[in-house]
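Notebook open, structure loaded. I want to jot down what I look up as I go, starting with the charged pairs.

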Amino acid sequence: MSLFKSSILVSALSLLISIISFGNQVVIANFFGAGNDMDIYLLASSIPIMIGGLISSALSYSLIPHIIAKEISLGSNFKSYFSQFFKVNVVLLFLSTLLLGLVFYFLMPLIYTSLSKEGIIKARLIGIISWINFFVSTSFSILICLLNAKKRFLIPLLLSMLPFVMSLLFTIVFYKYFGIVVIAIGLTFGTTMALSIGIYKTKKDIDLKFYYHKVYNSEIVKFIKYLRFPILAMLSFSIYQSIDAFWATKLGTSALSYLGYSQRILIAMGSLVIVGPSIVLIPRLTEAIQEKRELDYYKDTSLVIKLVLALTSVFAVVVGVLSKPIVKILLERGSFNNIATDGVSHILPFMLTGMVFMLSVVVSFRALFVREMGFSVAIIGIYTVMLYFGLSGVLSSLFNIEGIGTAYIITWVIIFFITLKKLFLKQKNIFFNSELFSFFWKQIISLVVVFLTTYYLSYIFNDSLKSDQFYKVVLSTFTIAFLSFSSYFLLSIVILKIKEIDYFFRKILELKFNKNDA
C-alpha cells in the first residue's frame with residue numbers, strides 16, 4: 001500500500017476515534033464542567049499521564065524502527081527475542097509503577113498544598129487508579145509498536161478506542177456513585193480490555209511461556225539504555241499538562257481546566273491530520289534507511305512536513321476564528337456553562353497556533369529517530385521543557401492565562417526551526433530551497449484570504465452563531481467552515497498552484513482501495 005493510501009485509511013479511522021474522544025469530552029464537560037473537581041482530577045492524573053505519555057511516545061518513536069531492524073537481522077529467531085523483550089519490560093514497568101505510585105501517594109499533600117483534606121483523599125484515589133492505568137497503557141504501547149512495525153495499522157487504532165468508549169460509558173452509568181473518580185476508572189477498564197485483546201492478537205508473535213535466552217540480554221539492555229533519549233525527547237509533547245498544573249493554579253479557579261479542555265480539543269483535532277502520516281511514515285522511512293535510499297527518506301519527510309504545515313495552518317485559522325461556537329457545540333451543556341465556553345474559546349486560538357508547529361515537529365522527530373539521532377532529539381526535549389516552563393512563568397505573571405498560551409506558541413516556533421535545522425543538516429537543499437520559499441509565501445497569502453473569509457462570514461452569520469437554538473449554531477458554523485475550507489483549496493490549487501496541496505487533492509480524487517490495499 002502506498003504512503004498516501006495508508007495515511008488516508010489510518011486518518012479516516014482516526015476520525016472515528018476523534019469523534020468518540022469528543023463524545024467523551026462532551027460527557028465529562030456535561031457532568032463536571034470546569035470547576036474544582038475537574039482541577040483535582042487534572043492535578044492528580046497529570047504526573048502518571050505525563051510519565052505514561054513520555055514512555056509510550058518514546059516507544060512509538062524508537063521501538064518500531066528497532067523491531068523492523070531486528071526482524072530483518074534475526075529472521076526466524078525474532079519471535080523468541082521479542083517475547084523476552086516484552087516480558088522483561090512488563091516486569092520493569094510493574095516495579096516502576098509500584099515505586100512511583102507509593103512515592104506520589106505519600107508526597108501528594110506536600111506537592112498540592114492548595115487542596116483541602118477532602119481534596120487530597122479524592123486526589124489520592126484518582127492517583128492510584130491513574131498509576132494502574134499507567135502500567136496497563138504502557139504495556140499496551142509495546143504491542144502497538146509491534147503491530148505497527150508489521151504494518152497492521154488498523155488493529156491498534158481500533159483498540160485505542162476502548163479507553164474513550166469505556167470512560168464515556170462509565171461516566172454516564174456510574175457518575176452518581178463515584179463522582180469525578182469515574183473518569184479514571186473508565187479509562188483504566190478500557191485500557192485493560194485493549195491490552196487483553198492486544199495480547200490475543202499478537203499471540204503468533206509473542207510466546208508468554210516462561211523461558212530465558214541469555215544471548216538476548218545485551219540487545220534488550222542496550223535498547224532500554226537508549227530509551228532514555230526518546231523519553232527525554234518526548235518531554236516536548238508530554239510535559240505541558242504538568243507545567244500548566246504548576247503555573248495555572250496560581251491564576252485562580254478554572255484556569256487549569258480551561259487549558260486542559262483546550263489541550264484535549266487540540267489533541268483530538270490535531271490527530272485528524274497527523275495520525276495517518278505519522279504512523280505510516282516510520283516503517284517507510286526505516287526501510288529507506290535500511291536499504292540506503294537516503295534521497296527517498298528526505299523527499300518523503302519533506303513532503304509530509306509541508307503537507308502537515310499547510311493543512312494544520314488553515315485548520316488553525318478557521319477553527320480559531322470559530323472557536324466560540326465550536327466550543328459551544330462540543331462542550332456547552334450541563335455543568336459546562338457559557339462562562340466556561342468563553343474561557344476555553346479564549347485560550348484555544350493560542351493553542352491552535354502552537355499546534356501548527358508542534359505537529360510538524362512530531363513528523364521531524366519520527367524521522368530523526370529512524371536515523372537513531374536520539375541524543376540530539378533528547379537535548380531538544382530538555383530545551384523545550386526549560387523554554388516552556390520559563391516562558392509560562394514569566395508571561396503568565398504579566399498576561400495571566402494568555403501568557404501561558406503565548407508561551408506555547410513561542411516555544412513551538414523555536415523548537416520547530418531547531419528541529420528542521422537538525423533534520424536537514426546534511427541535505428539542506430532538499431528542504432531549504434526556492435520551492436520552500438514559494439510554498440511559504442503562497443501559504444501565507446492563502447491563510448490571509450481564509451482568515452478574512454471566515455471573519456466576514458462570521459459577521460454575516462453573527463445572529464445564528466449566538467443563537468440559543470442549537471441547530472442554528474451547528475448549521476451556521478458548518479456552513480462557514482465549509483466555505484472557508486473550500487476557498488482555501490480553490491485558491492491554493494487553482495490560483496496559487498501550491499504543489500503539495502495539488503498533490504494531496506489529486507491523490508484523494510484518484511484514491512481507490514482494492515482488496516490487497518485493505
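Looked up Asp-205 before anything else: relative accessible area 13%, and since buried means under 20%, Asp-205 goes down as buried. Note to self: this is a predicted model, so every value here is computed from predicted coordinates.

**Who does Asp-205 pair with?** I checked its side chain and found a salt bridge to Lys-150, 3.6 Å from N to O. Lys-150 sits in the loop between helix 4 (117–149) and helix 5 (154–178), while Asp-205 is in the loop between helix 6 (181–201) and helix 7, so this bridge ties together parts that are 55 residues apart in sequence. Unlike buried Asp-205, Lys-150 comes out as partly exposed, at 24% relative accessibility. I also see that the two belong to a network of salt bridges that takes in Glu-71 and Arg-152 as well.

**How many salt bridges are there by this rule?** I get 9.

Next I pulled up Lys-70 and Glu-219, another of these pairs, with the closest N and O atoms 2.6 Å apart. Lys-70 belongs to helix 2 (residues 36–74) and Glu-219 to helix 7 (residues 217–226), so I am looking at a link between distant parts of the chain, 149 residues apart. Lys-70 has 14% relative accessibility and counts as buried. Glu-219, at 27%, counts as partly exposed.

Then Glu-435 and Lys-499: their side chains meet in a salt bridge at 3.2 Å, N to O. This one also links distant parts of the chain, with Glu-435 in helix 18 (residues 434–460) and Lys-499 in helix 21 (residues 499–510), 64 residues apart. For accessibility I have Glu-435 at 42%, partly exposed, and Lys-499 at 51%, exposed. The cut-off for exposed is over 50%, which is why Lys-499 at 51% gets that label.

**Helix 2 again, now for packing.** I looked at helix 2 against helix 10 (residues 240–248): the angle is about 150° and the axes are 8 Å apart. The crossing is left-handed. From helix 2 the contact uses Leu-42, Leu-43, Ser-45, Ser-46, Ile-47, Ile-49 and Met-50, and from helix 10 it uses Gln-241, Ser-242 and Ala-245. I sorted the contact residues by type: 6 nonpolar, 4 polar and no charged.

**Core.** Which residues have the most contacts inside the largest nonpolar core? I noted Met-38, Tyr-41, Phe-82, Ile-183, Leu-331 and Phe-365, in a core of 155 residues. I followed up on Tyr-41. Skipping neighbours within four places in sequence, its contacts are Ile-126, Ile-180, Ile-183, Ala-184, Leu-187 and Arg-264. So Ile-183 turns up in Tyr-41's contacts and in the list of core residues with the most contacts.

**Two serines in helix 11.** Ser-262 is in helix 11, and with a relative accessible area of 0% it is buried. Leaving out residues up to four places away in sequence, I find Ser-262 touching Val-344, Ile-347, Leu-348 and Met-351.

Ser-271 is found in helix 11 too (residues 255–290). Is Ser-271 buried or exposed? Buried, at 15% relative accessibility. I also took the C-alpha separation from Ser-271 to Leu-359: 8.9 Å, for two residues 88 apart along the chain.

Notes
Residues numbered from 1 in each chain as written. Predicted model: local features only at pLDDT ≥ 70, side-chain atom pairs only at ≥ 80, totals over all residues. Heavy atoms only, no water. Core = buried A, V, L, I, M, F, W, Y, C linked by side-chain atoms within 4.5 Å. Buried < 20%, exposed > 50% of the residue type's maximum accessible area, 1.4 Å probe, protein only. Contact = heavy atoms within 4.5 Å. Helix = DSSP H or I, 4+ residues; strand = E, 2+ residues; numbered from the N terminus. Salt bridge = Lys/Arg side-chain N within 4 Å of Asp/Glu carboxyl O. Axes fitted to C-alpha atoms, helices over the stretch in contact; angles between N-to-C directions. Left-handed = near helix turned anticlockwise from the far one by under 90°. Nonpolar A, V, L, I, M, F, W, Y, C, P; charged D, E, K, R; others polar.
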